[in-house]
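I am keeping these notes while I look through a structure, beginning with one residue and working outwards to the whole chain.

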Amino acid sequence: MLVLVLASFAMAAEAAATGGTVDYSKAIMVGCSVIAAGIAMGVGAVGAGLGLGQATSGANGAVGRNPDAQGKIMLTMMVGMAMTESVAIYALVVSLVILYANPLLKLAGIG
């Protein structure tokens with residue numbers, strides 16, 4: 001919320017220095033983009049964290065029931081954890097696209 005509020009003041013300083021009218025559309029778009037990137041990264045990290053916790057819990061339970069199969073269980077767990085971690089990486093890529101290559105700013109004629 002603080003980023004959204006302060007962005008309008010930062011963008012308004014440019015227009016006030018030139019003596020023109022203040023256009024808040026860029027500040028609103030940038031603020032909303034920052035919030036969207038934060039939400040995307042937060043949801044992706046929570047999803048990956050829950051998946052990794054489930055994988056570790058299941059593997060620990062399986063090794064506890066059958067210690068002889070530890071090698072196969074750990075290999076399968078590591079592959080599954082790598083796939084689960086890719087969710088967080090996808091969320092990071094989406095948030096970076098929102099922040100640095102935002103197509104909405106170009107569409108609105110702001111960027």
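Entry 1, a single residue. I looked up Leu-52 and, leaving aside its neighbours within four places in sequence, I found it in contact (heavy atoms within 4.5 Å) with Met-81, Thr-84 and Glu-85. I then checked one of these pairs, and the C-alpha atoms of Leu-52 and Glu-85 are separated by 7.6 Å, although the two residues lie 33 residues apart along the chain. I should record that this is a predicted model, in which local features need pLDDT of at least 70 and side-chain atom pairs count only at pLDDT 80 or more, while totals for chains, interfaces and linings use all residues. Residues are numbered from 1 along each chain as its sequence is written, and side-chain values use heavy atoms, with hydrogens and water left out.

Entry 2, the helix around it. Leu-52 is found in helix H2, where helices (H or I, at least four residues) and strands (E, at least two) are DSSP runs, numbered from the N terminus. H2 covers residues 25–65, and its 41 residues should span 60 Å at 1.5 Å a residue (1.5 Å times one less than the number of residues), which agrees with the 60 Å between its end C-alpha atoms. I also listed its buried residues (under 20% relative accessible area, with a 1.4 Å probe and protein chains only), and they include Gly-44, Ala-48, Leu-52 and Ala-59.

Entry 3, the partner helix. I asked at what angle H2 and helix H3 (residues 70–100) pack. The angle is about 175°, with the axes 8 Å apart, where axes are lines fitted to C-alpha atoms, for helices over the stretch in contact, and angles run from 0 to 180 degrees between N-to-C directions. That makes H2 roughly antiparallel to H3, a term for angles over 145 degrees. The residues of this contact divide into 22 nonpolar, seven polar and one charged. Among the buried residues of H3 are Met-77, Met-81, Thr-84 and Ala-88, and what covers the buried residues of H3 includes H2.

Entry 4, the whole chain. I counted four helices and zero strands in the protein chain, and of its 111 residues 22% count as buried. Among contacts between residues at least 6 apart in sequence, 65% join residues at least 24 apart, and the pair Leu-52 and Glu-85, at 33 residues apart, was where I started.

Notes
Buried < 20%, exposed > 50% of the residue type's maximum accessible area, 1.4 Å probe, protein only. Parallel < 35°, antiparallel > 145°, perpendicular 65-115°, else oblique. Nonpolar A, V, L, I, M, F, W, Y, C, P; charged D, E, K, R; others polar.
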